[in-house]
Structure formats: C-alpha cells, structure tokens
Amino acid sequence: MVITLLVSTFAVAFAVASIVVFIFHKPIDAILKRVVPADISYAWTRYLRFAIYVVGIGGGVRVWSFEKYLTAQEPYKELVQLTPDRWMLEIYETVIGTLQSAAMVLLVFFVFALIAVVLVRIFETRGTKTEDQK
C-alpha cells in the first residue's frame, strides 16, 4: 500500500510541476531571450524547466514522511494506517509541497532576472548616450 502511495504522490507532483512549467514557460522564455544571448537562451530555458520539475517533485514527494506507515510510532508502538482520510491528506501535502518548491525556484529565478534586466537596461542607456555624444 505504501508503494501505491509513493507512486501516486509522484504522479501528482509530476502533474503539478507540469502545470507550473506550462504556465510559466512563456514568461521564462521571454525573460531569458531579453537577458541572455539567443543562442544559449534555449538551453537556459530547458534547464530552468528541469529545475522546476526536480525541485517541485522533490518537495512534493516527501519519502521520509512515509516512514510512519512502515515503522511503529511512539507512544502506541503501532503503524499508522492508510485510511482514505490519510490518502487525501498525503495528496494535499504533495500538491502544496510541489507548489511551494516550484515557487521558490521561480522566485530565485525572477529575482536574478530582475537584476539582470536592470543591468542590461543600464548598459543599453549608457551605450546610446556614448553614441549620441560622438
């Protein structure tokens, strides 16, 4: 039963991460095309999508929390039973964990992208000012 739960949470986390990647694909691509040269922006986009999948699934599927279904827990020295309520709780925690992890990846990306866009604009305005002075 625990293996079924593990596979189910993996499938849910993969689906949630896929939705996040689908929603943010165009903004990520547009930002990277603006900041990074065109010949490598495709590779960076693919890498960021991969990172969203890996971190999202890793945050959603908490393998260490399945220990409670395999070993006796204190204080009663009994295994926790996988009831329908437990299943719903685990699936909910998987969705939330995946979204939180993917949001952290995107937050870090967008913070650095914002800094990069500001730097690109500064250098562009300096470049046009020097051309105007010539």
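**Exercise 1. Is Glu 93 buried, partly exposed or exposed at 29% relative accessibility?**

Before the solution, a word on the model: this is a predicted structure, in which local features need pLDDT of at least 70, side-chain atom pairs count only at pLDDT 80 or more, and totals for chains, interfaces and linings use all residues. Residues are numbered from 1 along each chain as its sequence is written, and side-chain values use heavy atoms, with hydrogens and water left out.

*Solution.*
Step 1. Recall the classes: buried is under 20% relative accessible area, exposed is over 50%, and partly exposed is in between (1.4 Å probe, protein chains only).
Step 2. Glu 93, with its 29%, counts as partly exposed.

**Exercise 2. Trace the salt-bridge network that contains Glu 93.**

*Solution.*
Step 1. Use the criterion: a side-chain nitrogen of Lys or Arg within 4 Å of a carboxyl oxygen of Asp or Glu. The structure holds five such bridges.
Step 2. Start at Glu 93, whose partner is Arg 62, with 2.7 Å between the closest N and O atoms. This pair links distant parts of the chain, since Arg 62 sits in the loop between H2 and H3 while Glu 93 is in helix H3, 31 residues apart. (Helices are DSSP runs of H or I, at least four residues, numbered from the N terminus.)
Step 3. Check Arg 62: at 14% relative accessibility it is buried.
Step 4. Add the bridge between Glu 90 and Lys 68, at 3.4 Å from N to O. Glu 90 belongs to helix H3 and Lys 68 to the loop between H2 and H3, so this contact ties together parts 22 residues apart in sequence. Glu 90 is buried, at 0%, and Lys 68 is partly exposed, at 22%.
Step 5. Join them up: through shared partners, Arg 62, Lys 68, Glu 90 and Glu 93 make one network.

**Exercise 3. Follow helix H1 through its bend and its salt bridge.**

*Solution.*
Step 1. Find the bend, taken as the angle between axes fitted to the seven residues ending at a residue and the seven starting there. H1 bends by about 50° at Phe 24, and Pro 27 follows within four residues.
Step 2. Look at the buried residues of H1, which include Val 20, Val 21, Ile 28 and Asp 29.
Step 3. Pair Asp 29 with Lys 33: their side chains form a salt bridge of 3.3 Å, N to O. Both lie in H1, four residues apart, about one turn of the helix. Lys 33 is exposed, at 53%.

**Exercise 4. Classify the aromatic pair of Phe 14 and Tyr 53.**

*Solution.*
Step 1. Rings of Phe, Tyr and Trp (its six-membered ring) pair if their centres lie within 6.5 Å; planes under 30 degrees apart are stacked, over 60 edge-to-face, and the rest tilted. Four pairs are present in the structure.
Step 2. Phe 14 and Tyr 53 are 5.3 Å apart centre to centre, with 20° between the planes, and the pair is stacked.
Step 3. Phe 14 is in helix H1 and Tyr 53 in helix H2, so the stack ties together parts 39 residues apart in sequence.
Step 4. Both rings belong to partly exposed residues: Phe 14 has 41% and Tyr 53 has 24%.
Step 5. Elsewhere, Phe 24, Phe 109 and Phe 110 form one aromatic cluster.

Technical notes: Helix = DSSP H or I, 4+ residues; strand = E, 2+ residues; numbered from the N terminus.
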